[in-house]
Amino acid sequence: MEKFPLWTAIITPMNPDGSVDYESFETLLRKQEEAGNGVLVLGSTGEGLNLNEEEKRGIVQFTKGLELDVPFMVGIGGFNLSAQVDFIHWVNEIKPDALLLVTPLYAKPGAEGQFEWFSELMAETELPCMLYNVPSRTGVKMHPSVPARLSKEFDNLMGVKEASGSVEEFKAFRQEAPDVKFYSGDDGMTPDFTKEGGVGLVSVAANVWPKATHKYVELCSGR
């Protein structure tokens, strides 16, 4: 999946009654397919934590059923470990292309707790896993040692979505884990992160400008 440096964190469009608007959802996904962007469903931008279990499963099944020509990733996020493990087991059967695993919410664990958290989740799947550092949402920063340790324990570590908003913190991750692929989790930080070894972007802006954002990532990386 290295040929997809841009992943779009897809919104989840809703009908007036609060149900998922699958017609609009397909339109959004097809626009990303046309632009050649990987897609992430059930991420923060998709309000994955605000959807019930039936809605989440429906979105994953619908996306899989479209047989897109671009890969799709499924967001796994929350604070209940057993619930996330159960969802991963179900997602394994659907066979998306990757999972996005976020630092646990609210509890604010330290480095060892974060390592154990991700280890528990990654051990339950053979799918490629992207870790997600987003302290503005979770209340805790991912410790730079965590991706480095996980890369030595698991073959399915795909990379890290780094959304700290800090070039210095991005550099600290790269110093600890130079062999791990890091993606910007912030559209505006992509040029700075790319200069420090970032390989791509998990984008919000690409929802509105899929082709332009694709070109933006190419220009940032010198392609």
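Begin by selecting G48, L49, G77, G78 and L105, which lie nearest the centre of the largest pocket among the 26 residues that line it. On a 1 Å grid over the protein atoms alone, a pocket is an open set of points where a 1.4 Å probe fits, with protein on both sides within 12 Å along at least five of seven lines, and lining residues have an atom within 4 Å of a point. This is a predicted model, in which local features need pLDDT of at least 70 and side-chain atom pairs count only at pLDDT 80 or more, while totals for chains, interfaces and linings use all residues. Residues are numbered from 1 along each chain as its sequence is written, and side-chain values use heavy atoms, with hydrogens and water left out.

Now colour the elements that give two or more residues to the lining of the largest pocket, namely α2 (53-65), β3 (72-76), α3 (81-94), β4 (98-102) and α5 (135-138); helices (H or I, at least four residues) and strands (E, at least two) are DSSP runs, numbered from the N terminus. The largest share of this lining, 3 residues, comes from α3. The pocket has a volume of about 510 Å³, a volume being the space filled by probe spheres set on grid points that are joined across faces, edges and corners.

Keep α3 selected and add helix α4 (residues 111-122), whose axis comes within 9 Å of that of α3 and crosses it at roughly 30°. Axes are lines fitted to C-alpha atoms, for helices over the stretch in contact, and angles run from 0 to 180 degrees between N-to-C directions. The two helices, α3 and α4, are therefore roughly parallel to each other, a label for angles under 35 degrees. To inspect the contact (heavy atoms within 4.5 Å), show L81, Q84, V85 and I88 of α3 together with W117, E120 and L121 of α4.

Next, turn to α2 and α3, whose axes come within 10 Å and cross at roughly 20°, which makes α2 roughly parallel to α3. Here the side to display on α2 consists of E53, K56, R57, V60, Q61 and K64, and it is met by F87, W90 and I94 of α3.

Finally, return to α4 and add helix α6 (residues 145-153); the axes of these two helices come within 10 Å and cross at roughly 35°. Select A111, E112, Q114, F115, F118, S119 and M122 in α4, which meet S145, V146, R149, L150 and E153 in α6.

Technical notes: Parallel < 35°, antiparallel > 145°, perpendicular 65-115°, else oblique.
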